Amino acid sequence: MKSILSLYFLIAFVIGTDTFLVSPLLPTLRQQFHISVEASGWMVGAYALGYALFALIAGPVSDGLNRKKIMLFGILGFAVSTFLCGLAWNFWSMFAFRALAGIFAAFTSPQVWATIPILVPAPKVTKSMGIVSAGFAVSQTVGVPIGSYLAEHSWKMPFFIIGGIAFALFALILWIVPQFKPATAGKQPSILDRYAELLGANGAKGSYLAYFAILTGALAVFTFIGNWLTDKFGMNVSEIGHVFIFMGLGNLIGSFVGGHAAARLGGRTVLLGGIGIMAVLYLLLNLAASPLLVHLCFFVLYLVFGTIFPLMMALLQTLSTTARGTIAALSNGVLYAATTAGAYIAGILYAQLNGFFGVTVFAALCCALSIGLWAKSQPKT
């Protein structure tokens with residue numbers, strides 16, 4: 001079991017690193033391909049768009065197939081697509097390869113989340129989810145800076161290395177991961193039927209709305225952290241990067257803490273209490289009078305977020321035993337919807353309502369709404 005969770009951690013780390021890698025490379029790629037600033041953003045958007053669209057399809061499809069085969073298909077396609085990014089010769093070839101990498105990642109990630117509850121005893125599911133979540137946290141804290149360092153020698157190198165590691169992961173999945181037969185035999189429901197069945201489950205709609213609410217607030221704040229740190233403290237890009245490292249460290253530690261906290265205090269208590277703490281911390285950000293307090297506040301904020309995120313994923317996975325891929329796919333869809341909504345609303349609030357203050361108040365209100373929805377949709381235990 002430890003070997004599979006370690007493998008899942010590495011899958012999360014590699015996909016997470018690839019997700020965030022292009023952002024620091026944009027200035028270099030813009031010069032390499034002779035494109036505008038506006039066009040360069042699509043090299044990030046292509047991956048996100050490919051992932052978001054195909055995750056909603058890949059999840060339900062995987063529920064009727066062998067999950068190991070889907071995982072192998074996804075990681076192999078991801079490895080090839082990422083490696084090809086290092087061979088891109090112009091903007092459109094990079095756009096296509098990034099979109100393909102996102103599409104194949106969308107086939108891989110849901111299988112990781114979906115198979116954990118099958119492999120792990122119920123009391124250890126949250127802890128195991130935390131281990132996988134830590135892979136994403138480490139990718140932000142360690143993977144992306146390493147990729148940026150490698151790119152100083154050649155912008156191609158990070159893509160070649162990540163692609164090479166993904167090929168190695170293909171071999172490890174083939175060797176370590178067991179076969180996962182479909183939960184139901186015979187004729188399989190359609191994609192729409194699977195979503196209808198899932199959302200018809202007791203507490204499903206409320207749980208996903210609660211998940212959407214907390215993510216919308218969190219991503220609204222995340223989107224405008226850089227602007228706020230520059231406007232209020234005059235931080236440069238390097239100094240802002242230090243804040244993000246503290247956030248990543250907090251997230252990483254929280255990922256490992258969540259399972260232990262839930263075991264001692266109960267998952268419901270930790271989840272609702274954690275979201276309440278986040279609401280308070282969002283408001284306290286406005287009182288931070290020095291960069292040191294900002295670093296501390298964001299560290300604690302993401303420590304709490306890292307603690308409750310595996311709990312949310314574990315709760316969502318309890319909604320159905322036959323549609324775990326659909327659950328993971330819809331979770332990804334909600335994440336991207338929250339990213340879009342949070343960024344849009346935060347832009348309006350930052351521009352028209354006292355800067356970052358309006359954004360943090362909005363995030364705190366989202367937390368309050370999320371608490372109410374989780375409390376109503378999840379039974380007391």
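Buried means under 20% relative accessible area, exposed means over 50%, and partly exposed lies in between (1.4 Å probe, protein chains only). Helices (H or I, at least four residues) are DSSP runs, numbered from the N terminus.

This is a predicted model, in which local features need pLDDT of at least 70, side-chain atom pairs count only at pLDDT 80 or more, and totals for chains, interfaces and linings use all residues. Residues are numbered from 1 along each chain as its sequence is written, and side-chain values use heavy atoms, with hydrogens and water left out.

**Exercise 1. Get to know helix H5.**

Task: Find how many of the 29 residues of H5 are buried, and compare the span of H5 with the expected one.

Solution:
- Step 1. Start with the burial count: 24 of the 29 residues of H5 are buried, so the rest of the structure largely encloses this helix.
- Step 2. Now the span. The expected span of a helix is 1.5 Å times one less than its number of residues. For H5 (residues 91–119) this gives 42 Å, and the end C-alpha atoms are 42 Å apart, which agrees.
- Step 3. Look at the N-terminal end. Asparagine 90 caps H5 there, with a side-chain oxygen 3.3 Å from the backbone nitrogen of tryptophan 92.
- Step 4. Pick one residue inside the helix. Serine 109 lies in H5 and is buried, with a relative accessible area of 4%.
- Step 5. See what serine 109 meets. Its side chain makes a polar contact with the side chain of tyrosine 51 at 3.3 Å. A polar contact is a pair of N or O atoms within 3.5 Å; within protein, one must be able to donate a hydrogen and the other to accept it, and residues adjacent in sequence count only if both atoms are side-chain atoms. Leaving aside neighbours within four places in sequence, serine 109 is in contact (heavy atoms within 4.5 Å) with Ile15 and Tyr51.

**Exercise 2. Place the largest nonpolar core.**

Task: Work out which residues have the most contacts inside the largest nonpolar core, and where this core lies relative to domain 1 and domain 2.

Solution:
- Step 1. Fix the term: a nonpolar core is a set of buried Ala, Val, Leu, Ile, Met, Phe, Trp, Tyr and Cys residues joined through side-chain atoms within 4.5 Å.
- Step 2. The largest such core has 112 residues, and Tyr8, Phe78 and Phe298 have the most contacts inside it. Helix H13 (residues 291–317) gives the most to this core, with 14 residues.
- Step 3. Both domain 1 (1–182) and domain 2 (189–380) give residues to the core, so it lies between them. Domain bounds come from an automatic or database domain assignment.
- Step 4. Take a closer look at tyrosine 8. Beyond four places in sequence, it touches Met71, Val112, Thr115, Ile116, Leu119, Val132, Val177 and Phe180.
- Step 5. Describe how the domains meet. Their C-alpha centres lie 22 Å apart, and 30 residues of domain 1 are in contact with 30 residues of domain 2. About 2,400 Å² is buried between the two domains, with carbon and sulfur atoms giving 72%. Buried area here is the accessible area (1.4 Å probe) that two parts lose on being put together, summed over both.

**Exercise 3. Follow helices H9 and H15.**

Task: Decide whether threonine 216 is buried or exposed, then list what covers the buried residues of H15.

Solution:
- Step 1. Threonine 216 lies in H9 (residues 204–223), and at 4% relative accessibility it counts as buried.
- Step 2. Its side chain reaches the backbone oxygen of phenylalanine 212 at 2.7 Å. Apart from residues up to four places away, threonine 216 touches Ala338, Ala341, Gly342 and Phe362.
- Step 3. Tyrosine 211 also lies in H9 and, at 2% relative accessibility, counts as buried. Among the residues it touches are Phe309, Val334 and Trp374.
- Step 4. Turn to H15. Its buried residues include Phe362 and Trp374, and their cover includes H9, H10, H12, H13 and H14.
- Step 5. Finish with alanine 375, which lies in H15 (residues 356–377). Alanine 375 is partly exposed, at 30% relative accessible area, and is in contact with Arg268 and Leu272, leaving aside neighbours within four places in sequence. Both Arg268 and Leu272 are buried residues of H12.

Conventions. Helix = DSSP H or I, 4+ residues; strand = E, 2+ residues; numbered from the N terminus.
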